Amino acid sequence: MSDLKDFPLHADFETVLVSESAIRRRVKNLGAEIAAAYGGEEITVVAIINGAILFTADLLREIPNPIRLDCVRVSSYRNETRTRGKPRLLHSLALDLGGRHVLLIDDILDTAKTLTFVVDLIKKHRPASIRTCVLLDKRGRREVEFEADFVGFQIPDKFVVGYGLDFAERYRNLPCIGVLKPSLQNPPEWA
Ligand code: XMP
């Protein structure tokens, strides 16, 4: 999580937790780890949108295996910095997962309610295997026991934005991951 100098601190950030260059390096290594784990097998990737979009797009370009891509949309955080209630499926799978090697990708593993929910959903399709990959892991916040197979970075219990992660749909386009200033974490005009 070094090289903070390569991105000028965004005016809304209190701090940068993971720099653009650190993300780039780690995503490259993750791609190699995943390719090694699957050998030459075809992988059916399921990405949880919108948060995992940027991570998935960069990661898949580092994996030489044949890949099929599907996406699911799951509700969770809304415009709040704390999760509320159960995840709900807003957009389901389109590809057949039966007998396939499925790699489920999300931006961040927090309480683990979302990944547990989607893993259970995928299991109903009887895949040959299912592994999970997350860019960020806030291990201290688990409400459900869960370990991802591939993890980019362990991070502390801070609400983070950037590189796909949003607050009220803002900041997804930032190339690094940071913590918002506390004064910006509940602006009523964004709801
Ligand atoms: P759970 O708690 O189900 O959370 O593991 C996974 C989903 O919650 C969102 N999430 C965050 N989004 N900054 C965000 O922008 C965060 O710090 C954060 N923590 C959790 C995210 O959508 C993830 O898919």
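In this predicted model, Arg-61 and Asp-58 form a salt bridge in which the closest N and O atoms are 2.9 Å apart. Arg-61 is exposed, at 64% relative accessibility, whereas Asp-58 is partly exposed, with a relative accessible area of 29%. Side chains of opposite charge can pair when their charged atoms come close. The count of salt bridges comes to 14, and three of them are set out below.

| Salt bridge | N to O distance |
|---|---|
| Arg-61 and Asp-58 | 2.9 Å |
| Glu-143 and Lys-113 | 3.5 Å |
| Asp-157 and Arg-141 | 3.7 Å |

**Salt bridges between distant parts of the chain**

The side chains of Glu-143 and Lys-113 meet in a salt bridge with an N to O distance of 3.5 Å. This pair links distant parts of the chain, with Glu-143 in the loop between S6 and strand S7 (150–154) and Lys-113 in helix H3 (residues 113–123), 30 residues apart. Glu-143 is exposed, with a relative accessible area of 53%, while Lys-113 is partly exposed, at 23%.

A salt bridge also joins the side chains of Asp-157 and Arg-141, at 3.7 Å from N to O. These two residues are 16 residues apart and again link distant parts of the chain: Asp-157 belongs to the loop between S7 and strand S8 (160–161), and Arg-141 to the loop between S6 and S7. Asp-157 is partly exposed, with a relative accessible area of 43%. Arg-141, by contrast, has a relative accessible area of 15% and counts as buried because this value is under 20%. Through shared partners, salt bridges join Asp-157 and Arg-141 with Asp-110 and Lys-138 into one network.

**Helices H1 and H2**

Helix H1 (residues 20–38) consists of 19 residues and reaches 27 Å from its first C-alpha to its last, close to the 27 Å expected at 1.5 Å a residue. Its buried residues are Ser-21, Ala-22, Ile-23, Arg-26, Val-27, Leu-30, Gly-31, Ile-34, Ala-35 and Tyr-38. H1 is followed by Gly-39, which has a positive phi near 60 degrees.

In helix H2 (residues 53–60), the buried residues are Phe-55, Thr-56, Leu-59 and Leu-60. These residues lie on the same side of H2, because they cover an arc of only 115 degrees around the axis. An α-helix has 3.6 residues a turn, so residues three or four places apart point the same way. The buried residues of H2 pack against H1 and against four strands: S2 (43–49), S3 (67–75), S5 (101–109) and S6 (129–137).

Two packed helices are described by the angle between their axes and the distance between the axes. The axes of H1 and H2 come within 9 Å and cross at roughly 65 degrees, and the crossing is right-handed. At this contact, Val-27, Leu-30, Gly-31 and Ile-34 of H1 meet Phe-55, Asp-58 and Leu-59 of H2. Val-27, Leu-30, Gly-31 and Ile-34 are also among the buried residues of H1, and Phe-55 and Leu-59 are among those of H2. Asp-58, which meets H1 here, is the salt-bridge partner of Arg-61 described above.

**Surroundings of Ile-108**

Ile-108 lies in strand S5 and is buried, at 16% relative accessibility. Leaving aside neighbours within four places in sequence, Ile-108 is in contact with Val-134, Leu-136, Lys-138, Ile-155, Val-160 and Leu-165. Lys-138, one of these contacts, also belongs to the salt-bridge network with Asp-110, Arg-141 and Asp-157. Ile-108 and Phe-153 are 45 residues apart in sequence, and their C-alpha atoms are 9.4 Å apart in space.

**Backbone exceptions**

Most residues other than glycine have a negative phi, and most peptide bonds are trans. The peptide bond from Ile-49 to Asn-50 is cis, with omega near 5 degrees. Asn-50 is located in the loop between S2 and H2.

Two residues that are not glycine have a positive phi: Arg-126, at about 55 degrees, and Tyr-171, at about 80 degrees. Arg-126 is placed in the loop between H3 and S6, and Tyr-171 in the loop between S8 and strand S9 (177–180). Their accessibilities fall in opposite classes: Arg-126 is exposed, at 71%, whereas Tyr-171 is buried, with a relative accessible area of 7%.

Conventions. Residues numbered from 1 in each chain as written. Predicted model: local features only at pLDDT ≥ 70, side-chain atom pairs only at ≥ 80, totals over all residues. Heavy atoms only, no water. Expected span 1.5 Å × (residues − 1). Buried < 20%, exposed > 50% of the residue type's maximum accessible area, 1.4 Å probe, protein only. Arc of directions from axis to C-beta. Contact = heavy atoms within 4.5 Å. Salt bridge = Lys/Arg side-chain N within 4 Å of Asp/Glu carboxyl O. Axes fitted to C-alpha atoms, helices over the stretch in contact; angles between N-to-C directions. Left-handed = near helix turned anticlockwise from the far one by under 90°.
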